Amino acid sequence: MVSCRKDSPSANPPVEKLLQKVYKDGVLYLDIFYDDKYTIHRIDYYRNGEKFRQSNISLNESGRVKEVVSNFDHYTAIRALTYDGERKVLDETTSDFDDGRSSYFKRIWKYPAKNVIEDHVYFTEDSEDASYVYTFMFTETGNLERKEQKVASLPIQDSYEIYQYDTGLSYEHMIESNIPGYFESPVSKNQPLNAKVYKKSGELVSEIRYRNTYDKDGYLEVSLQQSDEWQEEYRFRYSLKDSKNN
């Protein structure tokens with residue numbers, strides 16, 4: 001699969017733009033709000049055109065995400081992040097429901113080798129063993145090359161993914177660069193062209209193909225994501241960095 005583009009994209013587009021809105025299949029999907037320093041402080045999420053989540057983002061003194069408060073229809077989730085230097089090491093989410101119930105979820109992040117990140121997922125606070133372990137392996141250029149999944153209770157579901165990339169910036173990286181530490185899993189610098197999921201045995205399970213179109217300034221304009229079973233189209237709207245923002 002090759003990308004289609006109006007002009008050849010650059011890994012560093014020449015005009016600085018802020019991603020403001022993402023549309024999925026023609027309907028608003030993400031609405032992004034910036035402060036006067038061009039840092040993202042709020043993201044609104046939409047499903048079928050209806051807003052279902054609002055996330056307000058607070059930064060620590062180092063400019064990385066300290067807390068994310070997400071308001072849903074029937075509950076509020078508070079996500080707290082802890083760092084060791086520049087590295088995220090703990091990601092805890094507590095959810096309080098309108099009916100009085102609560103839940104807890106945490107991720108412990110480890111860095112066993114250069115360009116390798118491990119994400120250990122726990123569904124209770126006192127769990128000694130992770131329910132899932134995801135291992136992310138990056139290239140020197142900052143792209144995720146391979147992702148491995150281990151499922152403690154069902155090893156038969158163990159799998160791995162491999163990726164190929166276009167040269168343009170991914171929209172997730174554009175968001176992450178404005179709120180470092182926010183994403184629940186590492187994101188790649190460049191927009192994917194292809195993602196394949198394999199069983200542990202090496203059998204191909206699924207494949208996603210990306211057809212990417214870029215605007216005249218080299219920014220991602222449309223990403224058409226296709227598998228054998230489904231297709232989704234994402235469109236992106238930007239503003240110039242020196243213009244008035246949300």
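This passage describes the strand pairings and the two largest pockets of a predicted model.

Two runs of paired strands are considered, beginning with the one that involves strands 4, 5 and 6. Strand 4, which spans residues 50-59, runs antiparallel to strand 5, residues 65-71, and the two are joined by 6 bridges. Within this pairing L59 has V65 of strand 5 as its bridge partner, and the hairpin that the two strands form has 5 residues between the strands, with G63 taking a positive phi near 85°. Strand 5 is in turn joined by 5 bridges to strand 6, residues 75-84, again in the antiparallel sense. Here V68 is matched with R79 in strand 6, and the hairpin of strand 5 and strand 6 has 3 residues between its strands.

A second set of pairings involves strands 8, 9 and 10. Strand 8 and strand 9 pair over 6 bridges in the antiparallel sense, and A113 stands opposite V116 of strand 9. These two strands form a hairpin with 2 residues between them, in whose turn N115 has a positive phi of about 65°. Strand 9 also runs antiparallel to strand 10, residues 132-138, to which it is joined by 6 bridges, and the bridge partner of V121 in strand 10 is Y132. Of the 7 residues of strand 9, which covers residues 116-122, 6 are buried, that is, they have under 20% relative accessible area, and strand 9 is therefore largely enclosed by the rest of the structure.

Strand 8 is also part of the surroundings of the pockets. The largest pocket has a volume of about 1300 Å³ and is lined by 47 residues, of which Y171, E172, F183, S185 and V187 lie nearest its centre. Strand 8, residues 102-113, gives the most to this lining, with 4 residues. When the lining of the largest pocket is divided by class, 28 residues are nonpolar, 10 are polar and 9 are charged.

The second largest pocket holds about 510 Å³ of space, and its lining consists of 21 residues, with R64, Y111, I117, E176 and P186 lying nearest the centre. At least two lining residues of the second largest pocket are supplied by each of strand 7 (87-97), strand 8 and helix 1 (171-176). By class, the lining of this second pocket comprises 9 nonpolar, 6 polar and 6 charged residues. Strand 8 thus contributes to the lining of the largest pocket and to that of the second largest pocket, while also pairing with strand 9.

Terms used:
Residues are numbered from 1 along each chain as its sequence is written. This is a predicted model: local features need pLDDT of at least 70, side-chain atom pairs count only at pLDDT 80 or more; totals for chains, interfaces and linings use all residues. Side-chain values use heavy atoms; hydrogens and water are left out. On a 1 Å grid over the protein atoms alone, a cavity is a set of points where a 1.4 Å probe fits but cannot get out, and a pocket is an open set with protein on both sides within 12 Å along at least five of seven lines; lining residues have an atom within 4 Å of a point. Grid points are joined across faces, edges and corners, and a volume is the space filled by probe spheres set on the points. Ala, Val, Leu, Ile, Met, Phe, Trp, Tyr, Cys and Pro count as nonpolar, Asp, Glu, Lys and Arg as charged, and the others, Gly among them, as polar. Buried means under 20% relative accessible area, exposed over 50%, partly exposed in between (1.4 Å probe, protein chains only). Two strands pair if DSSP finds at least two bridges between them.
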